[in-house]
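Reader: I am new to this structure and would like a close look at a single part, the open sheet. Please set it within the whole chain as you go.

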Amino acid sequence: ILQFFLDSYQPGLFIHFEMVPDRLPDALRQLIMQFPPGALQFEVGIQTFNPEVAALISRRQNYTRLADNLTFLREKTGVHVHADLIFGLPGETLESFGTGFDQLVAIGPQEIQVGILKRLRGTPIIRHDKERGMVYAAHPPYEILRTKLADFATMQRIRRFARFWDLVGNSGNFPRTLAALWENASSSFQEFLAFSDWIYVTVGRTSSIPLNTLAEVLRRYVNEVRGQSLETVDALLREDYAAAGRDELPQWLRREGEKTRV
């Protein structure tokens, strides 16, 4: 299939595939390397980096090979990598999920989708309900509400985390400023979780947040909580605005006497 699209490639063609994370033989690697940047997107369903959790859900993954494949895609190809992790799996704790998130951030896919476990009718996940304390919503999409290792408050916290990660991390609007949020920290997950808690208290909602408002609260947090100077944070935000092709700067980001455009 890849060879067909490569042979008939025309500028503007965009092809999306789902990929098994630990299976990428050399023959496929050689083909993938021939596609121009932006032509391919791979959706990589990782779900968990915890081998014990993977065993519970009958998911066999070679994590060494998985990391090598993702690193190859990021460093040697122009593939847009969309990788997912799921919170609420049986046996998963907040700490083990965070460790997996840190591993994925270190590899650097363009998007990390943080999902909440859903119970699909007829799937074998229900065999863990009693032993693992799995409680789901009674109505579609049957999202997990709590487990023995993650209570309802923790589940709500990760739902907010996932939403803010989409707005700040996956959006691609703030890559330079985002990196400053966990600079010199031991865990990108713990730093973003703390930011997620802070922004929810500060803004009071998880939706309908304008871009400039997101930029302003990110600026405040990196300055006030992470201790970066406003001069440094503003320089990063200006670079992010310019890289995204936005030439309209918010009032608070303009230099004295500067017009509205970068």
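Author: The protein chain exposes about 13700 Å², and carbon and sulfur atoms supply 50% of that area. This is a predicted model, and what follows is computed from its atoms. Of the 262 residues in the protein chain, buried ones make up 44%. The chain holds 10 helices and 6 strands. Its radius of gyration is 20 Å, close to the 18 Å that the globule rule gives for 262 residues, so the chain is as compact as a globular protein of that length. Along the principal axes, the C-alpha atoms fill a box of roughly 65 × 50 × 35 Å. Among contacts in the protein chain with a separation of 6 or more, 64% are between residues 24 or more positions apart.

Now to the sheet. It is open, has 4 strands in the order β1-β2-β3-β4, and its pairing is parallel. β1 and β4 (111-116) stand at the edges with a single partner strand each, so one side of each is left without a neighbour in the sheet. On average, neighbouring strands of this sheet are turned by 20 degrees against each other, direction ignored. In general, the strands of a sheet pair through backbone hydrogen bonds, in either a parallel or an antiparallel way.

Start at the β1 edge. Strand β1 covers residues 15-19 and strand β2 covers residues 40-47; the two pair in the parallel sense over 5 bridges. Within this pairing, M19 stands opposite V44 in β2. The connection between the two strands includes a helix: β1, helix α2 (residues 26-32) and β2 make a right-handed β-α-β unit.

At the other edge, strand β3 (residues 80-87) runs parallel to β4, and 6 bridges join them. One residue pair to look for is D84 and its bridge partner in β4, Q113. Two helices can be added to this picture. Helix α5 (residues 94-107) packs on the sheet and touches β2, β3 and β4. The direction of helix α5 makes about 175 degrees with that of β3. Helix α6 (residues 152-170) also packs on the sheet, where it touches β3 and β4. For helix α6, the angle is given against β4, and it is about 155 degrees.

To trace the sheet on the model, follow the order β1-β2-β3-β4, using M19 opposite V44 as a marker for β1 and β2, and D84 with Q113 as a marker for β3 and β4.

Notes:
Residues numbered from 1 in each chain as written. Predicted model: local features only at pLDDT ≥ 70, side-chain atom pairs only at ≥ 80, totals over all residues. Heavy atoms only, no water. Pairing = 2+ DSSP bridges. Right-handed = clockwise from strand over helix to strand, strands pointing away. Rg over C-alpha atoms; globule rule 2.2 N^0.38 Å. Buried < 20%, exposed > 50% of the residue type's maximum accessible area, 1.4 Å probe, protein only. Contact = heavy atoms within 4.5 Å. Areas by Shrake-Rupley, 256 points an atom, 1.4 Å probe, with all protein chains shown as cover. Axes fitted to C-alpha atoms, helices over the stretch in contact; angles between N-to-C directions.
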